[in-house]
Amino acid sequence: MKATQRTSNREEMRAYYYDNAPGDQRLPHDSGRDVPFDTLAALGVLYWRIPVDTAGGWEAKINAIAEERRYSSRDIVTANKDAFGPAFEEKMDMFFREHIHEDEEIRYLLEGTAFFDVREHTTDSWIRCHLEAGDMIILPAGIYHRFSLDEREHARTLRLFKDEPQWIAHYRGAETDKNPYRMQYLETFSGAQMAQAVGA
């Protein structure tokens, strides 16, 4: 499957290297160094642009992807100050702490905007992916990443799962570095990214 599929004339999600400057995580932190989709694909990150249309055509496309990739369940979550209430900042800190999951993370934005930062393991750099409504991203099991809202502080997201809905984070550390899913990720994608770099 291709890492990117065009379904509208809109420009796709922008990805760029995070600038690591001090400041709120909801700011752009734009280094000005764009990251091509080939680089994301070499990290195992998949992306589709599926505009949210009132006729519901987007849902048929999501269903087709879910069937092909064997996602059996889904839910919808809203991230904003109203939804999280007094726990909003605590939730933002939790999601922004670097972690992995032992299964894929599949997200389709129905409303709003948000950031997914993924760790480029060959350089230890952060790549920031700025999503808006109509963007779908899949992160492979074992990739270090983090999530944040942007300055608009609102995202309504469809989450898909291979099993029951859950969110279990393994935060970065010596133990997680040796996690079997992390080791499998490195074994699978280190060669892919090195090959992509050699061919550049």
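This passage describes the largest pocket and the salt bridges of a predicted model.

The largest pocket encloses about 310 Å³ of space. Its lining is made up of 17 residues, of which Val77, Phe95, Arg107, Phe147 and Arg159 are the closest to the centre of the pocket. Several secondary-structure elements contribute to this lining, with at least two residues each coming from strand E4 (73-80), helix H4 (88-96), strand E6 (105-120), strand E9 (145-149) and strand E10 (154-161). In terms of chemical character, the lining of the largest pocket comprises 9 nonpolar residues, together with 4 polar and 4 charged ones.

Side chains of opposite charge can pair when their charged atoms come close. In the predicted model, 17 salt bridges are counted. One of them joins Arg26 to Glu153, with a separation of 3.1 Å between the closest N and O atoms. This pair connects distant parts of the chain, since Arg26 is found in the loop between strand E1 (14-18) and strand E2 (30-34), whereas Glu153 occupies the loop between E9 and E10, at a distance of 127 residues along the chain. Arg26 and Glu153 are both buried. The two residues also belong to a network of salt bridges, in which they are linked with Asp24, Lys81 and Glu89.

Two further salt bridges involve residues of strand E6. In the salt bridge between the side chains of Glu98 and Arg119, the N to O distance is 2.9 Å. Glu98 is situated in the loop between H4 and strand E5 (99-100), while Arg119 lies in strand E6, so that the pair ties together parts of the chain that are 21 residues apart in sequence. With a relative accessible area of 14%, Glu98 falls under the 20% limit and is therefore buried. Arg119 likewise counts as buried, because its relative accessibility of 11% is under 20%.

The side chains of Arg146 and Asp117 form another salt bridge, for which the N to O distance is 2.8 Å. Here, too, distant parts of the chain are linked, with Arg146 placed in strand E9 and Asp117 in strand E6, 29 residues apart. Arg146 has a relative accessibility of 9% and so counts as buried, and Asp117 is buried with a relative accessible area of 1%. Strands E6 and E9, which hold the partners of this salt bridge, are also among the elements that each supply at least two residues to the lining of the largest pocket.

Technical notes. Residues numbered from 1 in each chain as written. Predicted model: local features only at pLDDT ≥ 70, side-chain atom pairs only at ≥ 80, totals over all residues. Heavy atoms only, no water. 1 Å grid on protein atoms, 1.4 Å probe; cavity = no way out; pocket = protein on both sides within 12 Å on 5 of 7 lines; lining within 4 Å. Points joined across faces, edges and corners; volume = space filled by probe spheres on them. Helix = DSSP H or I, 4+ residues; strand = E, 2+ residues; numbered from the N terminus. Nonpolar A, V, L, I, M, F, W, Y, C, P; charged D, E, K, R; others polar. Salt bridge = Lys/Arg side-chain N within 4 Å of Asp/Glu carboxyl O. Buried < 20%, exposed > 50% of the residue type's maximum accessible area, 1.4 Å probe, protein only.
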